[in-house]
Amino acid sequence: MGNCLKCFQSSSSSSAAPTLPTSQSLPNALQNLNANNSCQAATSIGNCYDIALSNANDRPRETDELLSNRTPLKPANNCDTKRNSFKSLGLLNGSAPTMSEIITTVKESMEVSHQTLNKLFEVYKDPDDEDMILTDGIERLCIDLNYQPDEFAILVLAWCLDASQMCRFTKTEFIDGLHKMRADTIENIRLRLEHTIEMLKVDSEMFKQLYRFTFRFGLEPDQRVLSLEMAIDLWKLVFTVQTPDLFSNWVNFLDKHPNIRRIPKDTWNMYLNFTEQCDIDNYDDTEAWPSLFDDFVEYEKNRALEMVTVHDDDNNNDDPLQCHVKAGGDMRHVS
């Protein structure tokens, strides 16, 4: 199923999608409140962050964590990302009963029902497998969300749904994931995705959880390593919002070494640490880095040395004395 990332490059189905559920509009006062509440973004989609971190805490520590000495960043705007956190509303002016009513209404507006989510699932489910949304359904979902299937936002959606593999969402993943996202309409899903992407741009710990998920998401069934082609495609996708300085050099190195065919989990995980902690000059090959990184650094150093040598040769060719001798030789040849 890993090759499904390629199949999404083809044009999507042109068939019209069934009518979608629409969100109930809030009163104007609540809309103004939401517009002025800078903490709403983190509150609305903080659950994706909480879910990812809670899942990570249940897993054994990865090899790259033993090397990392970074301090995880706080959420982007320092808002409380726990569910139903409305501390910031206390800063607004208004009587206590009115504020209480507003808080209650906002909380209720964020609740989603399984009935609504089931209806949304019915729109995209596969006709031959009622417990799955497969390629055609995902393409229609992407069209309704106004995204391409191979865009970064769809990877983020798969992460929020904790999808087990590419090109499919199970009914449980879809319904439970959207329930945790507090999104039961297309409009709300897109809004949550936009907010999550903005947080990923500034929260390195949150991005790390997405990065690790991407490896598992790209695996073929019953496989434990990524093919090099799939790994490069996924690296390009996951680094959409923040591209490492040497990333193009890394991809070029991999392309020029056909003997590199697979990327294991440790190499994938530790590459993120490598991009954050090292460059070609300060890389220490005595540390417990994968040998592939040693080869990459050596390749880059040799390439830089070759470029310096070529540059020196070009400068020698521009020497005035050499040019005069060459010109004299040419004149004698002409005469």
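Helices (H or I, at least four residues) and strands (E, at least two) are DSSP runs, numbered from the N terminus. The model is predicted: local features need pLDDT of at least 70, side-chain atom pairs count only at pLDDT 80 or more, and totals for chains, interfaces and linings use all residues. Residues are numbered from 1 along each chain as its sequence is written, and side-chain values use heavy atoms, without hydrogens and water.

**Exercise 1.** Place D162 and D222, and classify their exposure.

Solution.
- Most residues other than glycine have a negative phi.
- D162 has a positive phi, near 55°. D222 also has a positive phi, about 65°.
- D162 sits in the loop between α8 (152-160) and β2 (169-170). D222 sits in the loop between α11 (204-218) and β3 (226-227).
- Apply the cut-offs: buried is under 20% relative accessible area, exposed over 50%, partly exposed in between (1.4 Å probe, protein chains only).
- D162, at 34%, is partly exposed. D222, at 79%, is exposed.

**Exercise 2.** Classify the ring pair W250 and F296.

Solution.
- Rings of Phe, Tyr and Trp (its six-membered ring) pair if their centres lie within 6.5 Å; planes under 30 degrees apart are stacked, over 60 edge-to-face, the rest tilted.
- The count is 26 aromatic pairs.
- W250 and F296 are 5.2 Å apart centre to centre, with 90° between the planes: edge-to-face.
- W250 lies in α13 (residues 247-255) and F296 in α15 (residues 291-317), so the pair ties together parts 46 residues apart in sequence.
- W250 is buried at 0%. F296 is buried at 0%.
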